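Q: Please take a close look at the salt bridges in this model. I would like to know which residues pair up, where they sit and how accessible each partner is.

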Amino acid sequence: MKRLLLLVAAAIAVAALAGVGMMWWSAGPTPGPHTIIVEEGATAASVGRQLEQKGAIPGSARTFYLFSRLFGAGDPIQAGEFEIPKGTGAAGILDLLQHGRPVQRLVTVTEGMPSIIVAEKLAANKYLTGLLPQIAEGSVLPNSYSYQRGETRAAVAARMQAAMDKALADLWPKRKATCPVRTPQEAVTLASIVEKETGKPSERRTVAGVYCNRLRIGMKLDADPTVIYPITKGKPLGRRILRSELNDGNPYNTYRNAGLPPGPIANPGRESIAAVLDPAETEALYFVADGTGGHVFARTLAEQQANVRKWFEIRRKRGEM
């Protein structure tokens with residue numbers, strides 16, 4: 001009789017353990033998928049409460065905590081946002097939180113993007129919170145920036161601006177004396193024009209060299225993007241520049257005013273800033289599009305006029321004129 005009772009007790013224990021194991025490996029009553037935000041310093045107990053509320057685990061938060069102590073690896077739970085696939089059991093959820101990769105959310109600022117578009121991107125991002133302070137033109141370094149769901153827009157913008165400050169602190173001490181920019185802010189202003197004038201990385205230093213030559217001799221920059229900026233704040237104009245706009249007396253118009261405009265016209269990338277601080281050695285004072293996405297450079301006005309005629313012929317053949 002005693003032996004029989006021992007066998008019954010053993011069977012009950014095995015069944016209980018089997019039940020516990022099934023619960024640990026099973027999904028909760030709401031199989032998902034689920035999104036969970038884990039704060040820094042969270043524990044299996046605090047995360048368990050979130051999981052219980054979502055119906056992602058069988059049983060209670062306390063059960064999840066006890067099972068994690070009994071069956072888990074003992075590694076800390078990571079902070080971040082996690083996507084739990086549909087049907088994931090409690091054991092799989094714990095492993096994901098301990099060893100999986102949090103969701104990486106990125107907001108990208110492309111080279112030459114004006115601050116008005118940066119602000120619009122941050123304002124439209126549904127995963128960010130809070131109001132956005134004004135973003136000064138040229139204060140953001142183009143790059144892809146990670147952020148956490150629920151983070152403030154102001155915090156993300158501050159990281160973008162801190163990155164620009166760091167880039168300038170790194171690049172400015174290495175500047176050459178070949179370009180007459182007197183301050184980091186002037187370098188950013190000229191770099192923003194270079195960024196808008198060419199999308200071809202191999203041309204940046206040469207375009208910068210042309211503008212540095214013009215600044216050195218007091219020649220107007222004659223940069224179309226500076227005419228467009230007061231009209232659109234850096235957004236595409238969508239049409240040809242009007243003669244009245246070329247003649248407008250606003251301080252950004254480098255067809256009317258010698259020297260640099262009063263500030264940047266976009267957020268230039270690190271490479272354009274570096275190009276301004278170490279421009280190519282060139283005698284060129286002019287450049288015009290060559291029809292391939294690049295430019296052809298000239299030393300004299302006569303050479304430039306001949307190149308312009310070739311460019312106009314290309315445009316006529318394309319039906320653009």
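A: The model is a predicted one. A salt bridge joins the side chains of glutamate 186 and arginine 182, with 2.6 Å from N to O. The two partners differ in exposure: glutamate 186 is buried, because its relative accessible area is 15% and the limit for buried is under 20%. Arginine 182 has 67% relative accessibility and therefore counts as exposed, the cut-off for that class being over 50%.

Glutamate 245 and arginine 239 also meet through their side chains in a salt bridge, and here too the N to O value is 2.6 Å. Glutamate 245 counts as buried, at 13% relative accessibility. Arginine 239, with a relative accessible area of 40%, is partly exposed, since that class covers the range between the buried and exposed limits.

In the next pair the arginine is the buried residue. Arginine 204 forms a salt bridge with glutamate 111, and their closest N and O atoms are 3.1 Å apart. This pair links distant parts of the chain, the two residues being 93 residues apart. Arginine 204 belongs to helix H8, which covers residues 204-217. Glutamate 111 lies in the loop between strand E3 (105-109) and helix H5 (115-124). The relative accessible area of arginine 204 is 10%, so this residue is buried. Glutamate 111 is partly exposed, because its relative accessible area is 42%.

Salt bridges also occur beyond single pairs. Glu81, Glu83, Arg105 and Arg149 are linked by salt bridges into a network. By the rule applied here, the count of salt bridges comes to 17. As general background, side chains of opposite charge can pair when their charged atoms come close.

Apart from the salt bridges, serine 46 offers a polar contact to look at. Serine 46 is part of helix H2, which covers residues 44-54. A polar atom of the serine 46 side chain lies 2.9 Å from the backbone nitrogen of threonine 43. Serine 46 counts as partly exposed because its relative accessibility is 24%. Between serine 46 and phenylalanine 287 there is a separation of 241 residues in sequence, and their C-alpha atoms are 63 Å apart in space.

Technical notes. Residues are numbered from 1 along each chain as its sequence is written. This is a predicted model: local features need pLDDT of at least 70, side-chain atom pairs count only at pLDDT 80 or more; totals for chains, interfaces and linings use all residues. Side-chain values use heavy atoms; hydrogens and water are left out. Helices (H or I, at least four residues) and strands (E, at least two) are DSSP runs, numbered from the N terminus. Buried means under 20% relative accessible area, exposed over 50%, partly exposed in between (1.4 Å probe, protein chains only). A polar contact is a pair of N or O atoms within 3.5 Å; within protein, one must be able to donate a hydrogen and the other to accept it, and residues adjacent in sequence count only if both atoms are side-chain atoms. A salt bridge is a side-chain nitrogen of Lys or Arg within 4 Å of a carboxyl oxygen of Asp or Glu.
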